[in-house]
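Visitor: I should like to take a close look at a single part of this structure. Please guide me through the strands at its centre of interest and whatever they connect to.

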Amino acid sequence: MEALLDSELKENVRLLGDLLSEVIEADKGADFVNKIIHIRTLAKQARATQQTTPIELIHALNRLANDDITPITRAFNQFLNLANIAEQYHDVVRSQQNQQPSHQLSEVLQQLTKKLSKEEVSQRLAQLQIELVLTAHPTEVTRRTLIQKYQLIFQALNQLDAHPRPNERLAILGEVKEIIAQIWYTDEIRQTRPSPEDEAKWGFAVIENSLWQALPNFYRELDQQLQSQGLPALPMNAKPLRFCSWMGGDRDGNPNVTAKVTANVIHLGRWMAADLYLRDVHGLINDLSMQDCNPVLRAVVGDVHDPYRCLLRQLKKRLKETRAWAKSALNHHQGIEAQPPLHHVSSLIEPLKLCYDSLMDCGMGIIANGKLLDTLRRVNTFGLTLCPLDIRQESSRHGQVFEELTEYLGLGEYRHWNEQKKQQFLIAELQNKRPLLPEHWQPSAQVQEVLDTCKVLANQSQDCFASYVISMASQPSDVLAVALILKMCGRITPIPIVPLFETLDDLTGAKASIDALLHLPWYQQYCQGEQMVMVGYSDSAKDAGQLAACWAQYKAQEELVNVCEQHNVRLMLFHGRGGTVGRGGGPAHGAILSQPPGSVLGRIRVTEQGEMIRFKFGNAQVAQRSLQVYMSAVLMASEFPPPQPKDEWRDHMEELSQCALQGYRQIVREDPDFVAYFRAVTPEQELGKLALGSRPAKRNQGGGVESLRAIPWIFAWMQIRLMLPAWLGSESALQSHIKEGKLSQLQDMTRHWPFFQTFIDMLEMVLSKTDGAISEFYESRLLDTPSELGAQLRSRLQLAIEQVLAVKQQQALLQNSPVIHQSMAVRNPYTDPLHYLQAELLYRTRQPNPEHFQELEHALKVTMAGIAAGMRNTG
């Protein structure tokens, strides 16, 4: 079966590649296509003969006329995007036909029924709380208009798999070729950065085009699996899967996200939700043509011929009014009502539930459990706003509010107070009923923006917002400050306030901070026995290196579980994971199962970022599979958690972590040549010209590497195939352990400890994407003299590969992962030329007053997008 699936993947890659070649030939001619074929052939030969520096390929690329450079890079870029579509479709087919039992929800349910009673299984499912938070971190290189076209190609592959008749197959291929032509004639590079509202629209489009159908499909399949196990269907009001968003709410380091933007995004969500429900209700009005109804419905609608249609037409009218209200609010019309016609989700659920109960009472369950149940599932999940917003802001911005306020009121200088005095002041004001904001106080623009944002939280319906996340949090006063600002601005209903621990020091101090917070009587009453804590993966890895960060995150989670248990508080861990290994990325199933025992317990919150949203939720079939993976993994981690790590394993991890931290910081922080080398050999400087997202690449535009956000930090190293953030430090730690005769212990940890196994597997995967020869070429083209640091880094890279092979007892990377190995083999002939072209383009565009600068810069941007597509992730 696996061989057959792999041959089908190759066939689809070949099919899409041939159609692209036909489109390019029609535009550029046969000679141009022959140049592409020649370059691809040279790249394949270079890989096959293991050429360190493929001279013939490099010469062929250097001989390209200026007019050919951009279209050549575009051709290779688009082939990689088409290969991604074929592979993504292939992943869906494999999951349906040849899925691992541990990933199958039916297998997990079967295991649960052996451990628990049927009532307990139903209870566990209904109480699941899996929250997926869509974020707009600037890692999605591909334009939205092209994403939509790629989705059409995915759907076409599905149609071709249905064995259409010859004439139908020709028609489908004709449509695919037309879409590929549209893609070819569309500029793949954004000319302007998306606004935060644009990013939010993109997030809503993912719901509209994918999750809107995937979610009820998933629940329908789940109900069938429950029925096959003799279990009742999931209760209609259960919502084990929920979606939230940072798009339009995350203002940490992004001055473009303002209070006005947040209000606009809320209204956008309300408009989109009303519009989507209108489509559903319109379909239900057509379908529910029955006359029989129960007395409850009859009492509501009266003596009418079409009881269901009568009730649903009333709902349709209110949805139209709500949509019009949201549009007026977006256009800032004066005089609109503060609340929309449908201002609480119960107003939407009640008429639908009346119809459902009536159909069930009248023996029409087959109709009730069709499209009507699908709509009820959507309402319970998406509510009236589609996905509630998180607000995220940096802790010092809240401190600034009280610095200015205490100075104005003559109370002293807040920033100079110790933690105890800050807590005393904040709690006293939280308990005081008088207003704290002076009527005529005129704070700075930054403080006013914080206050305006909190006023939006106060004025909007409480279900519009999910939580308030504080980045760079370290003390209880950071949480209390947010609570007081919200009170000052009129927020009455408590909202979860979530400290984000992201640096190594913050992770180490997380236990003490939360313990101190939960000891405060005022906060105990505020949190009502629930606490969410966010663990940052990106900045901790950038701060300490991947290995030390992973261990710090693991220990912090263990300690947070214990401290919350001591306070009888239910903990929800919020994992701020990125798409790449250097930002905590990797397969969701393995990542969840490798969490510390007791840290999941049916509740988890995870960010889905940038291009990973497209890869996991880009279309309904893929999204349905992703939801199944999440639910099965959370159930497994909750009910069948991994064993507690042995004390000796912990000791080994402490030693590995300390050694890795020293090795990482020795290079990144202490080597005087590092920053200059990083900026010279990577496209870090040019990255800022890519209109990836609304957020600046740096927190501080004048700062060094420490001010660089984790995403461009990862992106830049990935572009030159060194992937430094994901492995640096691990190589010296593993080598030291192996030299001390502890190889067998490392192998034992890999076999029996899911946390360490996942770490080694992810390390192997990222090392398989590295290429020291390619990174050396960048160096030779962009530096005047050979770099000792560069040679050292490549030596360390090779050492990392050797240590991983020793631990895994393999002769080659990915020896036991042929699918990933094949994926890279398909891409290399297309990514390799893009790397050599990129190095040359970086050299040319960095010269004083280069000729054809705009054309060269555009080609450079295309190489960045193409390499990102080839690696299947960016940041």
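Guide: A definition is needed at the outset: a residue is called buried when its relative accessible area is under 20%, exposed when that area is over 50%, and partly exposed in between. Arg-794, at 16% relative accessibility, therefore counts as buried. Please also keep in mind that this is a predicted model.

Let us begin with strand E8, which spans residues 603-609. Seven of its seven residues are buried, so E8 is largely enclosed by the rest of the structure. In a regular strand, side chains alternate between the two faces of the sheet. In E8, Arg-603, Arg-605, Thr-607 and Gln-609 point one way, while Ile-604, Val-606 and Glu-608 point the other way. Residues on both sides are buried.

Strand E1, residues 129-135, runs parallel to E8, and seven bridges join the two. Within this pairing, Leu-132 stands opposite Val-606, and Leu-134 stands opposite Glu-608. E1 is mostly covered as well, with seven of its seven residues buried. One side of E1 carries Gln-129, Glu-131, Val-133 and Thr-135; the other carries Ile-130, Leu-132 and Leu-134.

Two further strands extend this picture. Strand E2, residues 241-245, is joined to E1 by five bridges and runs parallel to it. Here Glu-131 of E1 stands opposite Arg-242 of E2. Strand E7, residues 570-576, is joined to E8 by two bridges, again in parallel. The bridge partner of His-575 in E8 is Val-606, the residue that also stands opposite Leu-132 of E1.

E8 is also linked to another strand through its side chains. Side chains of opposite charge can pair when their charged atoms come close. Arg-605 of E8 meets Asp-390 in a salt bridge, with N to O at 2.7 Å. Asp-390 belongs to strand E3, residues 389-394, and the two partners are 215 residues apart. Both Asp-390 and Arg-605 are buried.

This salt bridge may be set beside others, for the structure holds 44 of them. Glu-731 and Arg-796 meet in one, at 3.2 Å from N to O. Glu-731 lies in helix H31 (residues 730-739) and Arg-796 in helix H35 (residues 788-808), so this pair ties together parts that are 65 residues apart in sequence. Glu-731 and Arg-796 are both buried.

Helix H35 also contains Arg-794, the residue with which we began. Arg-794 forms a salt bridge with Glu-776, and their closest N and O atoms are 4.0 Å apart. Glu-776 is in helix H34 (residues 772-782), 18 residues away from Arg-794 in the chain. While Arg-794 is buried, Glu-776 counts as partly exposed because its relative accessibility is 37%.

Finally, some nonpolar residues deserve attention. In soluble globular proteins, nonpolar side chains tend to be buried together. The largest nonpolar core here has 152 residues, among which Phe-402 and Met-631 touch the most other members. Helix H10 (residues 259-287) supplies the largest share of this core, 14 residues. Beyond its neighbours within four places in sequence, Phe-402 is in contact with several residues, including Tyr-414, Phe-425, Ala-481 and Met-488. On the surface, by contrast, Tyr-408, Leu-409 and Leu-411 make a nonpolar patch of about 270 Å². Leu-411 is found in the loop between helices H15 and H16, and it counts as partly exposed because its relative accessibility is 42%.

Definitions and conventions
Residues are numbered from 1 along each chain as its sequence is written. This is a predicted model: local features need pLDDT of at least 70, side-chain atom pairs count only at pLDDT 80 or more; totals for chains, interfaces and linings use all residues. Side-chain values use heavy atoms; hydrogens and water are left out. A nonpolar core is a set of buried Ala, Val, Leu, Ile, Met, Phe, Trp, Tyr and Cys residues joined through side-chain atoms within 4.5 Å. Buried means under 20% relative accessible area, exposed over 50%, partly exposed in between (1.4 Å probe, protein chains only). Helices (H or I, at least four residues) and strands (E, at least two) are DSSP runs, numbered from the N terminus. Contact means heavy atoms within 4.5 Å. Two strands pair if DSSP finds at least two bridges between them. Patches are made of residues with over 30% relative accessible area and no salt bridge: like charges are joined within 9 Å, nonpolar side chains (Val, Leu, Ile, Met, Phe, Trp, Tyr) within 5 Å. Accessible areas come from the Shrake-Rupley method with a 1.4 Å probe; for residues, only the protein chains shown count as cover.
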